[in-house]
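User: I should like a close look at the empty spaces in this model and at the residues around them. Which residues line each space, and what is the local geometry beside them?

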Amino acid sequence: MRLIKLFKHKAKTFDDMIRPLANDKWDYFVIATDLLWCRYVMKVPFDEYLKYNFHNLRHRYRKHFILQRERGKFVNVNTNAFTKSKYLFYTYISDLFQREMILAPFCGEDAFVQFLKKHQKIVAKPDRGSLGVGLEVVKYTDDQAAKDYFAGISADRPFVCEEFIRQHPVLSQLNPASVNTLRVVSLLQDGEVEIVAAILKTGMGDDNITDNLSLGGIGAQIDVGTGIVCTFGKDFHFHTFTHHPHTGAPILGLQIPYWDQAVALIKEAHTRLPQCLIYGWDIAITESGVDIVEANSKPGTRIMQVMDGVPKGQKILPLIQKDRLKGKRKEYLDAFLKDYKTIALGQ
């Protein structure tokens, strides 16, 4: 009985996926056959088949999409030794950042209190965290409250504390509660840095201070040549937005301020940190320019392709099939551990 119920549930789920795509019974059969072929021959998950509209694409085009399972091969060209610690990454190129950072609790109580007092409002997040998990906005009220907050930070889970980013009004109008950043993917080949994809990210609602799409945010593709948003907004639940649903601000056609400056900053940063061939940069547009939020050595593949439906694997897929860091991983890891102890932990 339980097997019958499970079969019926899976059959209904399968039917619910295909029915909105099919115009008639023959169309239904063709799409169902194609979906199963992609799933069990090409190893394409059902959700990626739907997100990338594979039913409308020929195989010679579909094969250039970087599927989620290929993301694991980024280790063939990237090392996370230089992005594992947000604070250590900051120290490598601190002159390219617009804001200050400290690492608690290793900075010491007095330095933390003075840092919070100086900036009045800061962002604190796990130094080795991801997806915005654990991120907090901390405001200064008095020294004792600052000391109490500092006391709650464990050496086993240090927090990077940074100035609060005051974003440009053009970005703030989308969703004032979150810092709405750009995810820009860069590729380093033969000494040249190329911008592969750029996506505008924005949060949703007054309670969501992050713009992460995995946490309910919205994304839209940016034309790399002009810095103009060239698609409607989308989330990871197949919803499309002409305007931000919370504020009503238009998404399509938005000109990203300081776009040329952002591209130049990314190219400079990537050139100075060539240990990874591919970076996913989170970039903030501030009132006075451009600032790096952080860099990812294993950037998400869906966010860079789902907004415009254009595959980004023509250059990346051939590159990641071969281990290009053989013999260098231990060197990079040893360098990270040495720098982390001396620079971050002050040992």
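Analyst: Helices and strands are named here from DSSP runs, helices being H or I over at least four residues and strands E over at least two, and both are numbered from the N terminus. The model is predicted, so local features are reported only at pLDDT of at least 70 and side-chain atom pairs only at pLDDT 80 or more, while totals for chains, interfaces and linings use all residues. Residues are numbered from 1 along each chain as its sequence is written, and side-chain values use heavy atoms, without hydrogens or water.

Rolling a probe the size of a water molecule over the atoms shows where empty space is left. On a 1 Å grid over the protein atoms alone, a cavity is a set of points where a 1.4 Å probe fits but cannot get out; a pocket is an open set with protein on both sides within 12 Å along at least five of seven lines, and lining residues have an atom within 4 Å of a point. Points are joined across faces, edges and corners, and a volume is the space filled by probe spheres set on them.

The second largest pocket has a volume of about 300 Å³. It is lined by 15 residues, and those closest to its centre are Leu 21, Leu 50, Lys 51, Asn 53 and Phe 238. Helix 1 (2–18) and helix 3 each give at least two residues to this lining, with helix 1 holding the largest share, three residues. By class the lining divides into seven nonpolar, four polar and four charged residues; Ala, Val, Leu, Ile, Met, Phe, Trp, Tyr, Cys and Pro count as nonpolar, Asp, Glu, Lys and Arg as charged, and the others, Gly among them, as polar.

Two of the central residues of this pocket have a backbone feature worth noting. Asn 53 belongs to the loop between helix 3 (46–51) and helix 4 (59–62), and its phi is near 55°, a positive value in a residue other than glycine. With a relative accessible area of 37%, Asn 53 is partly exposed (buried is under 20%, exposed over 50%, and partly exposed lies in between, with a 1.4 Å probe and protein chains only). Phe 238, in the loop between strand 8 (233–234) and strand 9 (240–241), likewise has a positive phi, of about 70°, although it is not a glycine.

Aromatic rings come next. The whole structure holds 17 aromatic pairs, meaning rings of Phe, Tyr and Trp (its six-membered ring) with centres within 6.5 Å; planes under 30 degrees apart are stacked, over 60 edge-to-face and the rest tilted. The rings of Tyr 52 and Phe 54 have centres 6.1 Å apart and planes at 35°, so this pair is tilted. Tyr 52 and Phe 54 are both buried. Ring pairs join these two residues with Tyr 49, Tyr 61 and Phe 65 in a cluster.

One cavity of 30 Å³ or more is found in the whole structure, with a volume of about 60 Å³. Its lining consists of Thr 83, Ser 85, Lys 86, Phe 89, Phe 97, Met 101, Val 293, Glu 294 and Ala 295: five nonpolar, two polar and two charged residues. Helix 5 (86–92) and strand 11 (290–296) each supply at least two of them, and strand 11 has the largest share, three.

Helix 5 also carries Tyr 87 and Tyr 90, three residues apart, about one turn of the helix. Tyr 87 counts as buried at 15% relative accessibility, and Tyr 90 is buried at 11%.

The largest pocket has a volume of about 1,200 Å³. Of its 48 lining residues, Leu 131, Asn 212, Asp 282, Glu 294 and Asn 296 lie nearest the centre. Strand 2 (121–126) and strand 11 are the elements that give two or more residues to this lining, whose classes are 18 nonpolar, 15 polar and 15 charged. Glu 294 thus appears in the linings of both the largest cavity and the largest pocket.
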